[in-house]
Amino acid sequence: MMNKTKYFERGKASLKALLFLPLAFGAHAERLPSQPQISTEGEGSGFSLTACTRCHGVGGDGNTAEGIPRLRGLPFTYLKEQLQAFASGERQNPIMNSIARTLSADDITHAASFYTQLPPLFQPLGTKDESTNELAVHGRWSENIPPCDDCHGPEGKGVGENFPALNGQSARYLENQLQAFKKGSRPSGPLNLMGNIAKKLSDADIQTLSRYYSGSSPRDTGGQP
Amino acid sequence: MKYLMTLALLVTSLATLGNGLPADVPPEEWPSVLPADHDIPKDEFGKMVRQGQLIFSDTGQFARAYVGNDLSCRNCHLDQGRKAGSAPLWAAFLSYPAYRAKNHRVNTFEERLQDCFRYSMNGKAPPLGDPVLVALESYAYWMEKNAKINPRLTERGFPKLQKPSTPPSYERGKIVYANNCELCHGSNGQGRIANGGHLVFPPLWGNRSFNWGAGMAHLDKAAAYIKTNMPLSLGGSLSNQDAWDVAYFMEGHDRPQDPRYTGSVDETRALFHHTQNSLYGHLVAGHVLGNGPVSK
């Protein structure tokens, strides 16, 4: 097991340094992070998180309109596995693939540790309308689709190291990921659970679920790609 | 000819009335059509049904006085008690009153529910007529009365599973568990809690699980349940042998005492566990089962 305290302290130190980053990088904000700033800060394998924070934010909130995921409070194991999958190309995203390939194993551990120790931020789910949260709360057992909440927890707040929170992500990100599971452009997760389930979901199912967990009302179509 | 067509139409419409499906679909392919939550009536009866559903979903919260572990009804009875193969509530309701070898007499549905609390919930039986039992009975009655049920699926309890070709093994079961179950139920069978504190994956053994008197503490029932329903969403994916082996591994751990305990494990075994489907009183992995959980 990793030493959480150590990473937490290091995370705080990095956080202070990062407060100045918007000034330093503001001029280049429109540029994609083709040259991630991963540097050694002198002690240990100190790792600047600039490459991550430029898109995911210092607070790990991501970007709703762009569909960039919120990372704060996500499980360490999950974050680490995703970075490894980006590095290997199993999870496909041009920006993340190019960044992850430059990361050392220590960098990956450091980045995952940094975001996992930030407190998660949940939002009230938009609607209690039974027709919109049907799959999330009741599943569709006639097709062996369990409720999402059965593994991701009530209101999708996440369970343990392998079932990340859905609550808090944008509709656009969630929709992209369910489609990616369906197409196989990201690893299908432990026991192939998500690959197996996503293949049974229609586009309409995916849109409904994505809006539900993002807290959007069913009629709010903003931000859909 | 005209007569024949009319007859055909009549048969079709009758069949359609009966099950909501065209008549040319053979009965074995009819699904069970079970009522959805929005079908619960908005009246006094509907209130009891809703209360029963709440108890079913979060038993520790809504029937706290009668629950002694972390489980809820819905942990085993999937799809809120609807799913065939996970001892669905509607099939149980249809089946009672029934004779049970467990207590050598005919039990009402309410009496059967009492035993769920006594054994599976490791708690105590609500008295007959208690609002908890009335609510659960209302929920089961509502579900059964409003269901269009595939006659092939009416069997209560769990499906029967063929005996394994090789006697079940703790060691093989341990491997099956690590590969298929640990992800959700944890390395020590303790289950997992969601962010926010709700139990999501139920504990399979230990102090917070069902006790030795529960149906699920029998190898044949556990193996059949696992084969049919586990891992969640991948029911049927384990081989029969794997299901028996992993059931043996699960039952090879201790759990809360049987409430019928007489003061002696040997005597309790002779009286209530005299079957090869119970490991109570057996020495498994260096521990005589029935003496209390050793983990935590």
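This passage describes the confidence, the overall make-up and the packing of a predicted model.

Confidence in chain B is considered before its architecture. The pLDDT of chain B averages 88, and 86% of the residues reach a score of at least 70. Residues 1–25 of chain B, in contrast, remain under 50 throughout. For this segment the model has 11 contacts beyond four places in sequence. Where pLDDT is low, the predicted coordinates should not be read in detail.

Chain B contains 13 helices and 6 strands. It comprises 296 residues, of which 47% count as buried. The surface that chain B exposes amounts to about 14400 Å², with carbon and sulfur atoms supplying 57% of that area. When contacts in chain B between residues at least 6 apart in sequence are considered, 65% of them join residues at least 24 apart.

The largest nonpolar core consists of 66 residues, and B:Phe109 and B:Phe117 have the most contacts inside it. Two or more residues of this core come from each of the following elements of chain B: α2 (44–57), α6 (89–95), α7 (109–120), α8 (131–145), α9 (170–180), α11 (219–229) and α12 (240–251). The most is given by α8(B), which provides 8 residues. Both domain 1 (37–153) and domain 2 (170–288) of chain B are represented in this core, each with at least three residues.

The surroundings of B:Phe109 can be described residue by residue. With neighbours within four places in sequence left aside, B:Phe109 is in contact with B:Leu89, B:Ala92, B:Phe93 and B:Tyr96, and also with B:Glu137 and B:Ala140. Apart from the core described above lies another, of 33 residues, which includes A:Met96, A:Ala165, A:Ile197 and A:Ile206.

In chain A, one serine was examined in detail. A:Ser210 belongs to helix α11, which spans residues 203–214 of chain A. The relative accessible area of A:Ser210 is 0%, and the residue is therefore classed as buried. Outside its neighbours within four places in sequence, A:Ser210 is in contact with A:Ala171, A:Leu174, A:Glu175 and A:Leu178. With A:Glu175 there is also a short distance to report between backbone and side chain: a polar atom of the A:Ser210 side chain lies 3.2 Å from the backbone nitrogen of A:Glu175.

Definitions and conventions
Residues are numbered from 1 along each chain as its sequence is written. Chains are lettered from A and ligands numbered from 1 in the order in which they are written. This is a predicted model: local features need pLDDT of at least 70, side-chain atom pairs count only at pLDDT 80 or more; totals for chains, interfaces and linings use all residues. Side-chain values use heavy atoms; hydrogens and water are left out. Helices (H or I, at least four residues) and strands (E, at least two) are DSSP runs, numbered from the N terminus. Buried means under 20% relative accessible area, exposed over 50%, partly exposed in between (1.4 Å probe, protein chains only). Contact means heavy atoms within 4.5 Å. Accessible areas come from the Shrake-Rupley method with a 1.4 Å probe; for residues, only the protein chains shown count as cover. A nonpolar core is a set of buried Ala, Val, Leu, Ile, Met, Phe, Trp, Tyr and Cys residues joined through side-chain atoms within 4.5 Å. Domain bounds come from an automatic or database domain assignment. A polar contact is a pair of N or O atoms within 3.5 Å; within protein, one must be able to donate a hydrogen and the other to accept it, and residues adjacent in sequence count only if both atoms are side-chain atoms. pLDDT is the predictor's confidence in each residue, from 0 to 100.
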